[in-house]
Each structure stands twice: as structure tokens, then as C-alpha cells.
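Here is a briefing on one protein model. It runs from the overall fold to single residues.

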Amino acid sequence: MRYFIILLAMALSSACSMNDIETMDKATQQQFDLNDQDKDGVIMAREKCVGTVTGSDIDNYGCGTIKNINERQELKILFDNNSDYIAPQYYNQIEKIANIMTLYPSTTVTIEGHCSNKGSYELNLALSQNRAEAVTAVLADTYGIDSSRLSAIGYSFDRPVDSSGTPEAERLNRRVIAEVVSEDTIPNLKWHIYTVDEETQ
């Protein structure tokens, strides 16, 4: 009986030693493509929409969401007091609009000029109009957007965003807005442009 137990133990131990062992003597075969060819943050193994427009708002499968073209953005352009001159350092704000208009030829843009209520209504009306026209001039002259697709309108201080009369309110009311519209659709882009000019009307 004792010999039987010893033989049984030897048989069991040898059976364990005969189990298959996977050795790592060669490179592991990658089963999934982990590259991100269109740089949208989604790997190719999950990608369903290759070639997403750069900057698009995407879902978990790399597909950009689509919306009607109707972008309304404030431009971060600082004007000197009583001036409509746009320094070249602010052209990158306008270039964002030009890029969309170049990509989608059916788009048109309206540039709105708004002022605070410092100074006369007439002065601010002319100033807001001139600043709006200065933006459309850069779109046409620098970025080649056809002037028939551009319009400019000054609102003086008719459309304040804050009527409290505080210095902060006056700053917020001084702004230039670009509204890009079209009957077509556009990828939902994640671009943002913010406000406005300094201590002026």
C-alpha cells in the first residue's frame, strides 16, 4: 500500500510537469492596430471614420458630429482708442474664419461692431462700423475671401451684453462678432474665439 501511494504521487507530479508551457522566444503578434492615423485620439482598431477633419468634435469611433453652418464667435482683437486699425498680431483670430470660409465656399460672414456707451451715439456708430469693415478688409485683402461673401455692420451701443454700467460691463460691450452662415453642413469643430478691445468706446 505504501508503494502504491508513492507511485501515485510520482504519477501525479509527472502529469503536472507535462502541461504545455508557452515560451516567449519570439515576438508577440499584435492583433489590433493601435495607430491613430488621422490624429483624432481614436485608434485604428476602433476607428470607423478615417480622415476626420482636424479639430472636429468626435464620438468614440472617430466620427465627427455634423451640424448646420452657423458659427457666431467674438474676435479677440484689441483696438487703440478711437481707432479701427487691426495690428497683424490679431490676424490669427480672423484667419480662423477665413479657413472655414475657404473650406466651405457657400459660407458668408457678417462682421458686427459693438461699442460701449462712452461718447456720443454717432461717434460710436461710425467707430463700430469702421471696425467691422476693417475685419472684412483683412478677410478680403489678406486671405482672399471674395467681398461678395462679406458684410459689415456697426451697432454703436444699441446691443449691449451687460447694461449694468460697470467698467467690466463696458469692457464686455466693446466687441467684434463674426457670424458665419450657410445652408450646408459642417463638422462640429472645437474652436473658440473670445472678445474684444481695451479701454475705448
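The accessible surface of the protein chain comes to about 12700 Å². Carbon and sulfur atoms hold 52% of that surface. Accessible areas come from the Shrake-Rupley method with a 1.4 Å probe, and for residues only the protein chains shown count as cover. This is a predicted model: local features need pLDDT of at least 70, side-chain atom pairs count only at pLDDT 80 or more, and totals for chains, interfaces and linings use all residues. Residues are numbered from 1 along each chain as its sequence is written, and side-chain values use heavy atoms, with hydrogens and water left out.

**Confidence**

- The mean pLDDT of the protein chain is 77 (pLDDT is the predictor's confidence in each residue, from 0 to 100).
- A pLDDT of 70 or more is reached by 58% of the residues.
- Confidence is lowest in helix H1 (residues 2–17), with a mean of 60, and highest in strand S3 (residues 150–154), at 96.
- Over residues 190–201 the pLDDT is below 50. Beyond near neighbours in sequence, this stretch still has 61 contacts in the model.
- Where pLDDT is low, the predicted coordinates should not be read in detail.

**Fold**

- The protein chain has four helices and four strands. Helices (H or I, at least four residues) and strands (E, at least two) are DSSP runs, numbered from the N terminus.
- Along the sequence, the pattern is α-β-α-β-α-β-α-β.
- Of the 201 residues in the protein chain, 35% are buried. Buried means under 20% relative accessible area, exposed over 50%, and partly exposed in between (1.4 Å probe, protein chains only).
- Among contacts with a separation of 6 or more, 70% join residues 24 or more positions apart. A contact means heavy atoms within 4.5 Å.

**Nonpolar core**

- The largest nonpolar core has 24 residues. Such a core is a set of buried Ala, Val, Leu, Ile, Met, Phe, Trp, Tyr and Cys residues joined through side-chain atoms within 4.5 Å.
- Ile77, Ile86, Ile97, Val109, Ile111, Val135 and Leu139 have the most contacts inside this core.
- Two or more residues each come from H2, strand S2 (108–114), helix H3 (121–141) and strand S4 (175–187).
- Val135 touches Leu75, Ile77, Ile86, Ile94, Ile111 and Val176, not counting residues up to four places away in sequence.
- In soluble globular proteins, nonpolar side chains tend to be buried together.

**Salt bridges**

- The whole structure holds three salt bridges. A salt bridge is a side-chain nitrogen of Lys or Arg within 4 Å of a carboxyl oxygen of Asp or Glu.
- Arg72 pairs with Glu112, their closest N and O atoms being 2.9 Å apart. This pair links distant parts of the chain, with Arg72 in strand S1, Glu112 in strand S2, and their positions 40 residues apart.
- Arg72 also forms a salt bridge with Glu179, at 3.4 Å from N to O. Here strand S1 is linked to strand S4 by residues 107 apart in the chain.
- Arg72, Glu112 and Glu179 are thus a network of salt bridges.
- Glu112 counts as buried because its relative accessibility is 5%. Arg72, at 41%, counts as partly exposed, and Glu179 is partly exposed at 24%.
- Glu168 forms a salt bridge with Arg171, the closest N and O atoms being 2.7 Å apart. Both lie in helix H4, three residues apart, about one turn of the helix.
- Glu168 is partly exposed at 41% relative accessibility, and Arg171 is partly exposed at 33%.

**Two loop serines**

- Ser83 sits in the loop between strand S1 (66–75) and helix H2 (91–103). Ser83 counts as buried because its relative accessibility is 17%.
- The side chain of Ser83 reaches the backbone nitrogen of Tyr85 at 3.1 Å.
- Not counting residues up to four places away in sequence, Ser83 touches Leu127 and Arg131.
- Ser156 is found in the loop between S3 and helix H4 (167–173). Ser156 counts as buried, at 1% relative accessibility.
- Ser156 has a positive phi of about 50 degrees, although it is not a glycine.

Notes. Polar contact = N/O pair within 3.5 Å; in protein donor to acceptor, adjacent residues only side chain to side chain.
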